[in-house]
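User: Could you walk me through this structure? I'd like to start with any enclosed space and then move on to the sheet.

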Amino acid sequence: MARREAVEKFVVYAQNHDRIGNRPRGERLTTLVDPRAARLAQFLLVIGPGTPLFFMGEEYGERSPFFYFTSFENPELAAGVAQARQDEFQSEAWVGRAPNPQEPATFERSKIDRSRRERPGHRELLRLTHDLLQWRARLPALRDSRRSSVTVEVDERKRLLSLRREATGDRILAMCSFSSEPEVWAGYIPEGRWQLILDAQEDPYRSGEADGVVRGGFVELGLPPYAARLYRAVE
């Protein structure tokens, strides 16, 4: 029981305040990688067995930077912290100066812009996040956090990943690609009929309109760049 509880309490994330705020320019993942890679990260964050953590605005792909900011009352302390951070960044070969954490503008620039939720691209990512969380809440296989219920296979050469989770009467299969090129997954899938229920890379993403079936056995499954597909066993 202790091992199971440890998994349920394991919080996972693609980015958090430390990962972003400790970069000189405070860039979020959405500004650093291909949008398809960001959707893949979102997909795995929810489909995996850990408890997902979304950093403010990540659910819709916020792009505003998040800087390290302070409000020290002691001027010497504020200046010392700002200089120490700059010295650290320069020692790691960063070019340019990071924003002064004590400046009010640094805090203001770190605020999220919620109006992005209604813009193209962001609106679809928010819908994808909503659908992923709905499936996580509805499917027993995604609620079961036992280690024994999770099976992962990796093709390191092609940068492909297969993740299976199961619970009594329910099985799901996630097929993912970390490659920027189309690839073919060649391997064994448990017997049965696997219905595609979500394709995170459908363009444009349309909630509830995934369509496709995979038959169990040895398969050669073509996957697009940064594939993130969720299947459910229906037989």
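User: How many cavities of 30 Å³ or more does it hold?

Analyst: This is a predicted model, and the structure holds two cavities of that size. The largest cavity contains about 50 Å³ of space, while the second largest has a volume of about 40 Å³.

User: Which residues line the largest cavity?

Analyst: Its lining is made up of Gln15, Leu29, Thr30, Ala38, Ala41, Gln42, Glu58 and Leu125, and by class these are four nonpolar, three polar and one charged residues. Helix H3 (residues 35-47) supplies the largest share of that lining, namely three residues.

User: And what lines the second largest cavity?

Analyst: The second largest cavity is bordered by Gly21, Arg23, Pro24, Phe67, Tyr68, Arg85, Ala98 and Pro99, a set that divides into five nonpolar, one polar and two charged residues.

User: Switching to the sheet, what is the strand order?

Analyst: Six strands form an open sheet in the order S3-S4-S5-S8-S6-S7, with antiparallel pairing. Strand S3 (150-155) and strand S7 (213-223) are at the edges with a single partner strand each, so one side of each has no neighbour in the sheet. On average, neighbouring strands are turned by 40° against each other, direction ignored.

User: Which helices pack there?

Analyst: Helix H3 packs on the sheet, where it touches strand S4 (160-167), strand S5 (170-177), S6 and S8, and its direction makes about 155° with that of S5. Helix H6 (residues 122-138) lies across S6 and S8, running at about 90° to S6.

User: How many bridges join S6 and S8?

Analyst: Strand S6 (residues 183-199) and strand S8 (residues 228-233) pair in the antiparallel sense over five bridges, and Leu198 stands opposite Leu230 in S8.

Conventions: Residues are numbered from 1 along each chain as its sequence is written. This is a predicted model: local features need pLDDT of at least 70, side-chain atom pairs count only at pLDDT 80 or more; totals for chains, interfaces and linings use all residues. Side-chain values use heavy atoms; hydrogens and water are left out. On a 1 Å grid over the protein atoms alone, a cavity is a set of points where a 1.4 Å probe fits but cannot get out, and a pocket is an open set with protein on both sides within 12 Å along at least five of seven lines; lining residues have an atom within 4 Å of a point. Grid points are joined across faces, edges and corners, and a volume is the space filled by probe spheres set on the points. Helices (H or I, at least four residues) and strands (E, at least two) are DSSP runs, numbered from the N terminus. Ala, Val, Leu, Ile, Met, Phe, Trp, Tyr, Cys and Pro count as nonpolar, Asp, Glu, Lys and Arg as charged, and the others, Gly among them, as polar. Two strands pair if DSSP finds at least two bridges between them. Axes are lines fitted to C-alpha atoms, for helices over the stretch in contact, and angles run from 0 to 180 degrees between N-to-C directions. Contact means heavy atoms within 4.5 Å.
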